[in-house]
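Trainee: Could you take me closely through one part of this model, namely the aromatic rings and the elements around them? I would like one connected account.

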Amino acid sequence: MECSPSSASSTCYSSLSSFCLLRKPCPFSPSFTTTFYKKQQQQQQRSLTQLSAVSYDKFIHFALDESKRRTHLSPSPLQERYNSMVSMDGNAELQMLSFQAAKIRLLRSLYIETPTMQVLDFAVFPEPEYDLPIFCANFFTNANLLPWGGKLTSESLKFFSPIVIWTRFTSSSNNYEVLYSAFIEYYKAWLELMDQAAVEISAPQIKRNREAHHRYLTWRAEKDPGHGVLKRLIGETRAKDLLVNFLFNGINNLGSKSFLDYFPEYCCDDGTINHNRSMIGKSYENRPWDRKGEFVSNSYES
C-alpha cells in the first residue's frame, strides 16, 4: 500500500498504493581461481536443489482461490492473447493469467520458470471508480519479517507504502514459507479493503483516480526492473509488448499523457527519454519510515 486508503488526489497518491513484496536474488561475485570456482559450482548446485524445492505456483493459487471467495472472477479479454510463451533459447516458459471482477479492472500474473530462476509478477489493478490501492507483488526473490533489501531509490519510493516489503535473502524452503505467509497476510488485507470499498460518485475524484493509475502504469512500463530479464528471454519487441499491453495494461485507455508529461526531469536535450534507472541521486539503505509510518528524510545515501 502507499500511505492510507484516502483520496487519490493526496500527496501520497493512495490509489497508486501497492502492497509490494519485492524479492531479489543475492548478488553474484565471480571467482577466478580453480579452487573458488569449484566451490562456487558446489554452492550453485545446492542453490538449484533448494530452488527446485519451492515454487511460486502456490502464491498464484492462493490469490485466485481467495479472490474467488470474495468476488466473482471472470477471464480477462487479455487471456486469449497472453497465456504462455517460450523463451528464444527454449529453456524458459512464461505463464500468464488474467481476470477481471466488479471492482477489479485487471488481476494478472506472470510466472517465469527456468532451470536456474523463478520469477513471479502478480498485480491487481482496481477499477478507478473505487478508491483502492494497487496490489503489487514481485518476486525474483517488514519491516519485521524479513531484512530490508538494500538501497531503494527515491524515484521508486514515491509509489510505495510505509508497509512495503523490500528484501533480499538466500533461497531456502524456510524463507519461502516466511515470504508466503507475508503474501497471504498482505493479500487478505487488500481484499478486506476491496470488500469495504464503495463506488465513487464524484466525477472529479474518478478522474483523479484514473490519472493516478495511469501515472503509475506509465512509470512501471518505462522503468520496470524486469524489462532486462524479459528482453533477454523473449527479445525487445515482445518484451515491450508484454510490458505495455499486459503487465501494465491501461496505458492506452486510462489516460493520454506520456511518460515525459508526468516525469519531465527525464527529458534529454533532444526530446528523448533518459533511460538511466535513477537520476535523483538519493538511495535508501534502510527503511525510510518510522514505526508510525512517518517518512524519515535523513535516512538516504547519495
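Mentor: In this predicted model, ring pairs link Tyr 56, Phe 59, Phe 62, Tyr 111, Phe 122, Phe 135, Phe 139, Tyr 176, Tyr 180, Phe 183, Tyr 187 and Trp 190 into a cluster. A search of the whole structure finds 24 aromatic pairs, and one of them shows how two members of the cluster meet: the ring centres of Tyr 187 and Trp 190 are 6.2 Å apart and the planes lie at 5°, so this pair is stacked. Both residues belong to helix H4, which spans residues 173–196, and they are 3 residues apart, about one turn of the helix. An α-helix has 3.6 residues a turn, so residues three or four places apart point the same way. Tyr 187 and Trp 190 are also both buried.

A second pair makes a useful contrast in geometry. The rings of Trp 219 and Tyr 266 have centres 6.0 Å apart and planes at 70°, so they are arranged edge-to-face. Trp 219 lies in helix H5 (residues 203–223), whereas Tyr 266 lies in the loop between helix H8 (259–262) and strand S10 (283–284), so the pair ties together parts that are 47 residues apart in sequence. Trp 219 and Tyr 266 are both buried.

Charged side chains also meet rings. The charged end of Lys 58 sits over the ring of Tyr 180, 4.4 Å from its centre, and Tyr 180 is itself one of the residues in the cluster. Arg 108, for its part, lies over the face of Phe 248, at 5.5 Å from the ring centre.

Arg 108 leads on to strand S6, since the side chains of Arg 108 and Asp 121 are joined by a polar contact of 2.6 Å, and Asp 121 lies in S6. With a relative accessible area of 7%, Asp 121 falls under the 20% cut-off and therefore counts as buried. Leaving aside residues up to four places away in sequence, Asp 121 touches Arg 108, Ser 109, Leu 110, Ala 137, Asn 138, Arg 220 and Leu 247.

The rest of S6, which covers residues 118–126, is buried as well, with 9 of its 9 residues in that state. Both faces of the strand are covered: on one side are Gln 118, Leu 120, Phe 122, Val 124 and Pro 126, and on the other Val 119, Asp 121, Ala 123 and Phe 125. Phe 122 from the former side also appears in the ring cluster.

S6 has a strand partner in S5 (residues 104–113), to which it is joined in the antiparallel sense by 9 bridges, and the two form a hairpin with 4 residues between them. S6 also pairs with strand S7 (residues 135–139), again antiparallel, over 5 bridges. Val 124 takes part in both pairings, as the bridge partner of Leu 107 and of Phe 135 in S7; Phe 135 is another member of the cluster.

S5 also has a part in covering helix H6, since the elements over the buried residues of H6 include strand S3 (84–86), strand S4 (93–100), S5 and helix H7 (236–247). In H6 itself (residues 227–234), His 227, Val 229, Leu 230, Leu 233 and Ile 234 are buried. Seen down the helix axis, these buried residues fall within an arc of 160°, so they line one face of H6. Just after the helix, Gly 235 takes a positive phi of about 90°.

How values were computed:
Residues numbered from 1 in each chain as written. Predicted model: local features only at pLDDT ≥ 70, side-chain atom pairs only at ≥ 80, totals over all residues. Heavy atoms only, no water. Buried < 20%, exposed > 50% of the residue type's maximum accessible area, 1.4 Å probe, protein only. Pairing = 2+ DSSP bridges. Polar contact = N/O pair within 3.5 Å; in protein donor to acceptor, adjacent residues only side chain to side chain. Contact = heavy atoms within 4.5 Å. Phe/Tyr/Trp six-rings, centres within 6.5 Å; stacked < 30°, edge-to-face > 60°. Lys NZ or Arg CZ within 6 Å of the ring centre and 35° of its normal. Arc of directions from axis to C-beta.
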